[in-house]
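Here are a few notes from my pass through the model, in no strict order. Have the viewer open while you read.

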Amino acid sequence: MSDDTKPCYIRACMNVKIQSNFHGLLIERGLPLPDILTQSAALCGNLVLAGVLNESRQEVMGGKPMTGPLSRSPYFPSIFVQMLRTGEEAGSLSVTLSAM
């Protein structure tokens, strides 16, 4: 990663943190994950992140984990994706997201 892309990466990571906490709250309140991902993609203000969130939505709609597209994106740290994967597998995604 070059020095001129680091600020974009840092802003994207901060956006991911804020959205993670928000997603956890919405899941806890009973909103369906595909709807949450759709709204987040529309509101995140970052076209790259929106694309990844839309890909994740498609994965979820197809019965797959949401972490596939996230793991292929450089904007989602591997530890973040691993924690999400664990939360999905354990059935505690809302708790995992809220804790990030």
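Which residue forms a salt bridge with Arg-29? Keep that one in mind for point 2. Everything below refers to a predicted model.

1. Salt bridges overall. If you search the whole structure, you come away with two salt bridges. Side chains of opposite charge can pair when their charged atoms come close. Each pair gets its own point below.

2. Glu-28 and Arg-29. The partner you were looking for is Glu-28, and the closest N and O atoms of this pair are 3.2 Å apart. As for solvent, Arg-29 comes out exposed because its relative accessible area, 57%, is over the 50% cut-off. Glu-28 has 48% relative accessibility, so it counts as partly exposed.

3. Arg-72 and Glu-55. The other salt bridge joins the side chains of Arg-72 and Glu-55, at 3.7 Å from N to O. This pair links distant parts of the chain: Arg-72 belongs to helix H4 (residues 67–72) and Glu-55 to helix H3 (residues 47–61), with their positions 17 residues apart in the numbering. Arg-72 is exposed, since its relative accessibility is 56%. Glu-55, with a relative accessible area of 42%, is partly exposed.

4. The buried side of H2. Helix H2 spans residues 33–43, and its buried residues are Leu-33, Pro-34, Ile-36, Leu-37, Ser-40 and Ala-41. They cover an arc of only 160° around the axis, so they sit on the same side of H2. Try looking down the helix axis with these six coloured.

5. The other face of H2, and what follows. Turned away from the buried side is a face that carries the exposed residues Ala-42 and Leu-43. After H2 comes Gly-45, with a positive phi near 75°. If you plot the backbone torsions, that glycine is one to pick out.

6. Arg-85. Now over to helix H5 (residues 78–90), where Arg-85 lies. What does Arg-85 touch, once residues up to four places away in sequence are not counted? The answer is Thr-67 and Ser-71. The C-alpha atoms of Arg-85 and Pro-65 are separated by 7.6 Å, although the two residues are 20 apart along the chain. Is Arg-85 buried or partly exposed? With a relative accessible area of 33%, it falls between the 20% and 50% cut-offs and is therefore partly exposed.

Notes. Residues are numbered from 1 along each chain as its sequence is written. This is a predicted model: local features need pLDDT of at least 70, side-chain atom pairs count only at pLDDT 80 or more; totals for chains, interfaces and linings use all residues. Side-chain values use heavy atoms; hydrogens and water are left out. Helices (H or I, at least four residues) and strands (E, at least two) are DSSP runs, numbered from the N terminus. Buried means under 20% relative accessible area, exposed over 50%, partly exposed in between (1.4 Å probe, protein chains only). Contact means heavy atoms within 4.5 Å. The arc is that of the directions from the helix axis to the C-beta atoms. A salt bridge is a side-chain nitrogen of Lys or Arg within 4 Å of a carboxyl oxygen of Asp or Glu.
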